[in-house]
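Q: Hey, got a minute to walk through a model with me? I'd like to poke at some packing details.

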Number of protein chains: 2
Amino acid sequence: MAKIIASKNGTKKDAIIQKAATLFREKGFVASSMRELADKIGVEASSLYNHIGSKSELLQSICYKIANDFTIHLNEVETQKGRTAEKLEQIIRFHIHMMLHHYDELFVANHEWKQLQEPYLSNFLNQRKSYESKLVAIVKTGIECKEIKKINPHVVVLTLLSAVRGLEFWQRHKKNMDTKDIESDMVQHLLNGIIK
Amino acid sequence: MAKIIASKNGTKKDAIIQKAATLFREKGFVASSMRELADKIGVEASSLYNHIGSKSELLQSICYKIANDFTIHLNEVETQKGRTAEKLEQIIRFHIHMMLHHYDELFVANHEWKQLQEPYLSNFLNQRKSYESKLVAIVKTGIECKEIKKINPHVVVLTLLSAVRGLEFWQRHKKNMDTKDIESDMVQHLLNGIIK
DNA sequence: AGATAAAACTAATAAGTGTTAGTTTTACTA
DNA sequence: TAGTAAAACTAACACTTATTAGTTTTATCT
């Protein structure tokens, strides 16, 4: 009955993907059914297949979009010249930005990538591995320049990535806290430490 | 044919729960079927029901065991007298310990609690909320004692919890890195910062 | 208005789900 | 060795799943 309404700058497929991202975040990929997704859009499940290929394809689209966004941004940062701390800060702030403006997709990419099918699963993991390696390289450079303490760079990267990932819990406190404050507090904690 | 072998200090039910934790971690709760679980044990799916109540019950057991372990430990730390930094270090090290020795269950509790049914879901979330509140209180005390920088304590706790949660990625590098080194590097990063 | 293409619908399929009932095997005790 | 309880088995149930085929409605353009 009701038609699928395309978003302003996208196709109807994009509209479905967006709704799927929200649903997958709320219930998880496997626990979300096509009937439920169709329901949220206001249409029968089979109608979705006029616009998309399969349920798996939805997850693939979501995960790859996110992975690409991060890869592109990191490439930009890499080409810059400047202090390591500035680069790290830029990266941290980009993660925060993605968390605030592409929450559903990022959440799904972070939590549901395991449900990707081959070869998409391997591809996704490789891309993430490459992202981490580049980050480690940046931290290593910082250590060599004596700009950063001599800590295992893998641990530093792990700590940074995990911490920014935890930003997803902010959605709970979103109303009570100012975004800019959180941003600078976390940057300060991660880069300067918390002990006087 | 094959019988379910009880682990040394546990019932057969415990053995099933342990196998379930591993399976749920690998594939996710919803994507794991009782037939697959039974297969891993070497038994028919229906035979499991001689020992357990339901699939949901397995998830409940896993999540509640983990939640209790953390609650108990935090209560112990709270009763101590000493510097805030020492308490935080103890807590961080306990998270690391749990990650290393109860990896499967902790992973499942962290990733699959959404699949809990009411009222277990609400109970679990309340327990976690309470845990975080106590942590915030500890950090607040540290700030008042001027032992810790004046950063939003919620952000500090969020950063700490997220960072230690990221330890789950270690399983990948486990062989290449020494646990004690990782532990101290992360504690140093989180408490002292990484910038000279 | 008539034709065409897009996108909705209904109905059905084959496969997989957790779980139960009833039966048979296994292991231990008297 | 006979009897008993635990725990395995087979078979089936009722439901849900993603997806497809075929059909009808809707919107658009000539």
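A: Sure. One term up front: buried means under 20% relative accessible area. Also keep in mind that this is a predicted model.

Q: Okay, start with A:Ile182. Is it buried or exposed?
A: A:Ile182 has a relative accessible area of 6%, so it counts as buried.

Q: And where does A:Ile182 sit?
A: In helix 10 of chain A, which covers residues 179-192.

Q: How far is A:Ile182 from A:Ile62?
A: C-alpha to C-alpha they are 27 Å apart in space, and their positions lie 120 residues apart in sequence.

Q: Let's do aromatics. How many aromatic pairs are there over all chains?
A: The count comes to 12. Take A:Tyr64 and A:Tyr120: their ring centres are 6.3 Å apart and the planes meet at 85°.

Q: Why is that pair of A:Tyr64 and A:Tyr120 edge-to-face?
A: Because the planes are at 85°, and plane angles over 60 degrees count as edge-to-face.

Q: What does the pair of A:Tyr64 and A:Tyr120 tie together?
A: A:Tyr64 belongs to helix 4 (residues 55-79) of chain A and A:Tyr120 to helix 7 (residues 120-144) of chain A, so the pair links parts 56 residues apart in sequence.

Q: Is A:Tyr120 buried or exposed?
A: Neither label fits: A:Tyr120 is partly exposed, with a relative accessible area of 35%.

Q: Got another pair?
A: Yep, A:Tyr103 and A:Phe107 are edge-to-face too, with 5.9 Å centre to centre and 65° between the planes. They are 4 residues apart in helix 6 (residues 103-112) of chain A, so about one helical turn separates them. Both of these residues, A:Tyr103 and A:Phe107, are buried.

Q: Which residues form an aromatic cluster?
A: A:Phe70, A:Phe94 and A:Tyr131 form one.

Q: What about charges over rings?
A: I can give you two. A:Lys55 has its charged end over the ring of A:Phe29, 4.5 Å from the centre. A:Arg128 lies over the face of A:Trp113, with 5.0 Å to the ring centre.

Q: Switching to chain B. Which way does helix 4 of chain B run relative to helix 6 of chain B, parallel or antiparallel?
A: The axes of helix 4 (residues 84-101) of chain B and helix 6 of chain B come within 9 Å and cross at roughly 150°. That crossing makes the two helices of chain B roughly antiparallel, because angles over 145 degrees count that way.

Q: Which residues make the contact?
A: From helix 4 of chain B, it's B:Thr84, B:Lys87, B:Leu88, B:Ile91 and B:His95. Helix 6 of chain B brings residues including B:Tyr131, B:Leu135, B:Ile138 and B:Val139.

Q: Does B:Thr84 turn up elsewhere, and what is it near?
A: The backbone nitrogen of B:Thr84 lies 3.1 Å from a polar side-chain atom of B:Glu147. The backbone nitrogen of B:Ala85 also has a polar atom of the B:Glu147 side chain, at 3.2 Å.

Q: Where's B:Glu147, and is it buried or exposed?
A: B:Glu147 is in the loop between helix 6 (120-144) and helix 7 (153-165) of chain B. With a relative accessible area of 14%, B:Glu147 is buried.

Q: Last one: what does B:Ala20 contact?
A: Leaving aside neighbours within four places in sequence, B:Ala20 touches B:Leu37, B:Leu58 and B:Ile62. B:Ala20 is in helix 1 (residues 12-27) of chain B, and it is buried at 0% relative accessible area.

Definitions and conventions. Residues numbered from 1 in each chain as written. Chains lettered and ligands numbered in written order. Predicted model: local features only at pLDDT ≥ 70, side-chain atom pairs only at ≥ 80, totals over all residues. Heavy atoms only, no water. Buried < 20%, exposed > 50% of the residue type's maximum accessible area, 1.4 Å probe, protein only. Contact = heavy atoms within 4.5 Å. Polar contact = N/O pair within 3.5 Å; in protein donor to acceptor, adjacent residues only side chain to side chain. Phe/Tyr/Trp six-rings, centres within 6.5 Å; stacked < 30°, edge-to-face > 60°. Lys NZ or Arg CZ within 6 Å of the ring centre and 35° of its normal. Axes fitted to C-alpha atoms, helices over the stretch in contact; angles between N-to-C directions. Parallel < 35°, antiparallel > 145°, perpendicular 65-115°, else oblique.
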